[in-house]
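Got your viewer open and your selection syntax handy? Let's walk through this one stop by stop.

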Amino acid sequence: MSKAPHAVVRAACPHDCPDTCAMEVTVAEGRAVKIRGASDMPFTNGTLCTKVAHYLDRVYSDQRLRYPMKRVGRKGEGRFERISWDEALDTIAAKFRAIAADDPRAILPYSYAGTMGLVQGESLDRRFFHRLGASLLDRTICASAGALGWKATVGASIGTDPEAVAGARLILIWGGNPVVSNLHGWRHLQEARRRGAKLVCIDPRRSETAAKCDVHLAPWPGTDGALALAMMQVLIVDDLLDHDYIARHTVGFAALAGRVRACTPEWAAPLTGLSADTIRSLAREYGTASPALIRLNYGLNRCAGGGMAVRNIACLPALTGAWRHAAGGALLSTSGNFPIDHKALQRPDLYPRDARPPRTINMAFIGDALLETRDPPIRALYVYNSNPVAVAPDSNRVKAGFAREDLFCVVHELFQTDTADYADILLPATSQLEHRDVHGTYGHLYAVANYPAIEPLGEAKPNTEVFRLLAARMGFTEPALFESDDELAAAAFRPGDQRALGVTPARLAERGWARLNLPQPFAPFAEGGFPTPSGRCEFHSGLLARMGLDPLPAWHPPAESPVSNPVLAARYPLALITPPARNFLNTSFANLPRFRDGEGGPKLQIHPEDAAARGIADGERLRIHNDRGEFHARAVVTTDVRRGVVVSPSVWWQKLSGDGNNANAVTSSASTDMGGGPIFYDCLVEVARA
Ligand SMILES: Nc1nc2c(c(=O)[nH]1)N[C@H]1C(S)=C(S)[C@@H](COP(=O)(O)OP(=O)(O)OC[C@H]3O[C@@H](n4cnc5c(=O)[nH]c(N)nc54)[C@H](O)[C@@H]3O)O[C@H]1N2
Ligand SMILES: Nc1nc2c(c(=O)[nH]1)N[C@H]1C(S)=C(S)[C@@H](COP(=O)(O)OP(=O)(O)OC[C@H]3O[C@@H](n4cnc5c(=O)[nH]c(N)nc54)[C@H](O)[C@@H]3O)O[C@H]1N2
Ligand SMILES: [Mo]
């Protein structure tokens, strides 16, 4: 492993957050003693969030797993006994060999974004499972609906440069809570506000961000698609359009105009729960302010119509020509700017040619997959960088799947999570301070490198190292399975791509971060040039048509709401959303005292009238339930949520929640309209005193 020579080591925050901070770790006598945001990195700007500022709590936690273990109790019980790495690896290799002799597709890797690093997240792991011929995993749990809705319209995950927004006059923060989940992006939005921009937050609850904006609009969850259609209708009838931009840089305007003709504010009002006047003035303000920016986030893609909602919103800046301005347009993700060489990292060509065709399993519905998949059933599961028992929807099904006695389950983790409790073999993983990596991001335009600052704790090993060792034990000989982490990091970006100029290993080693080679300020679609098949913003999407989906913007209602599903709502009248908690990063940090104390236990925000109707007082312990399950939380009676909506900040560990469940006991395993994603925030419940 490459060792940094100095006492201050350059690092990257590994967590699933748009900000991907550049960090400096001070090391003294082999121990990390201080961590801070890099002050020379413009986006990080010398600050870290409340979680990562205390990162050493996580790295040196006495809860860290320090050696391999095997299960001695029942599945899920969490009783283990120490074994050697040799015994652990021999056991896994023997099981994998036996299963692969029948059909390697019975083996499933399961990972998500525990680290966003390209080396520890998508290199040797993928190569190993490709070479094995295992089932492929469709990584849908977070963003697949919105990403596809955006791609169909704009072409790639590219949008406004988050550092160019200070000149905006109007900013719609739509389905995101940047104060909590995009703190460094929020700094730039605030700068715009200081210079006179008006900030409007569109969120079913008064979030930390909504509380700091000029206006808060609270639509019913899952109805943003209708709101955007009505905004388009107003822009068109009021002629608040940029006809020149539409003519030169879009396709399908006439069909779009036909489609939205009936989508008046009066049509959208009962669907969204906003008044027609509110919708009309929002559209008029959006159509007249310039530059106008939309900062959307994935909060609004976790419902049945999530893909279409993002698509409808993505049409707006092309209608008004807001893309002409660096400070205008819209931003969901910047990830498409990074010329990441996924093929070089993941090597899909290693998949055996003579094997049966690859099979893909959707990660979001892992409970169903473990219980119902046949030909072949899943016989072995290897979990790393993820905590599916706690984060996947409909967790009673997930737990039933993980509890299968005939399932061989490996979990590679830093901590004994809810998922780890179901492992047959539990392996200790290194933290970001103990391994090498390199990162792109989805919230700015800088690549960030990570160098190991300290030796692995105990016997912990990086993901890559475990796969190198397993490959050897499986008798694989391809050199690609034995490359070092430095070699893997060097393969991350496509060398021929202009945008990667300057993001070389040498440059990254020098400073720890490097901006993509893009103009500054970067106005990606000021002159059109959309990365779609037509080269234009596609109001009519050929991609969606080919997929058998509606090629035009449309209204896809929530699966579970009083308007779309009155029969279900008669029994379960409250819409539950479970957005990210400030002190957690999904379930990461949620086991450590500092961060749990910061959140103060599972909570449910409920409107005073909904509380009164159920005899609920503030602070009381509640049972939140539907046909899928139940979890407990303390009541917070507040007007921060509208009537009919309840909010439980997430994601808690089940075993640390008192009742052994978290919010995913009630969430649905139905899927989004596009991309096969979960619908976490499209969920009806009833609430009672526990
Ligand atoms: N502190 C912290 N930061 C995080 C995370 C975390 O767990 N904690 N998670 C990280 C991850 S994995 C991701 S994907 C990102 C982004 O994760 P996102 O889910 O985009 O999270 P937020 O930006 O917090 O925004 C979600 C907001 O959307 C609102 N919302 C829910 N349903 C709807 C809806 O139907 N319509 C509208 N308009 N709004 C809705 C919620 O109330 C919430 O305030 O954040 C990352 N950052
Ligand atoms: N109800 C509800 N459920 C949700 C959400 C919600 O808003 N509400 N959000 C959803 C979203 S957006 C997402 S992205 C998913 C997130 O789901 P996950 O990606 O599973 O996120 P985490 O819960 O943070 O679990 C990541 C795990 O990876 C481990 N890890 C970190 N680094 C390494 C490493 O280098 N090696 C190994 N082997 N392990 C490592 C961490 O210790 C942690 O336990 O959850 C989803 N679930
Ligand atoms: Mo996510």
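Start by selecting ligand 2: 31 residues surround it, and those that come nearest are Ser-386, Glu-413, Thr-587, Ser-588 and Tyr-681. Here, a residue counts as near a molecule or strand if one of its heavy atoms lies within 4 Å of it.

A word on ground rules. This is a predicted model, where local features need pLDDT of at least 70 and side-chain atom pairs count only at pLDDT 80 or more, while totals for chains, interfaces and linings use all residues. Residues are numbered from 1 along each chain as its sequence is written, chains are lettered from A and ligands numbered from 1 in the order in which they are written, and side-chain values use heavy atoms, with hydrogens and water left out.

Stay on ligand 2 and show its polar contacts (pairs of N or O atoms within 3.5 Å; within protein, one must be able to donate a hydrogen and the other to accept it, and residues adjacent in sequence count only if both atoms are side-chain atoms). An N or O atom in the side chain of Glu-413 sits 2.5 Å from a ligand 2 oxygen. Val-391 has a polar backbone atom 2.9 Å from a nitrogen of ligand 2, and a backbone N or O atom of Ala-113 is 3.3 Å from an oxygen of ligand 2.

Next, pick ligand 1. Of the 32 residues around it, Ser-181, Asp-203, Asp-224, Arg-302 and Phe-584 come nearest. Ser-181 places a polar side-chain atom 2.5 Å from an oxygen of ligand 1. Also label Asn-297, with a side-chain N or O atom 3.3 Å from a ligand 1 oxygen.

Now jump to Asn-312, in helix H13 (residues 306-320); helices (H or I, at least four residues) and strands (E, at least two) are DSSP runs, numbered from the N terminus. Is Asn-312 buried or exposed? Asn-312 is buried, with a relative accessible area of 0% (buried means under 20%, exposed over 50%, partly exposed in between, with a 1.4 Å probe and protein chains only). Measure from its side chain: a polar atom there lies 3.0 Å from the backbone oxygen of Ala-554, and the backbone oxygen of Gly-225 lies 3.2 Å from a polar atom of the same side chain.
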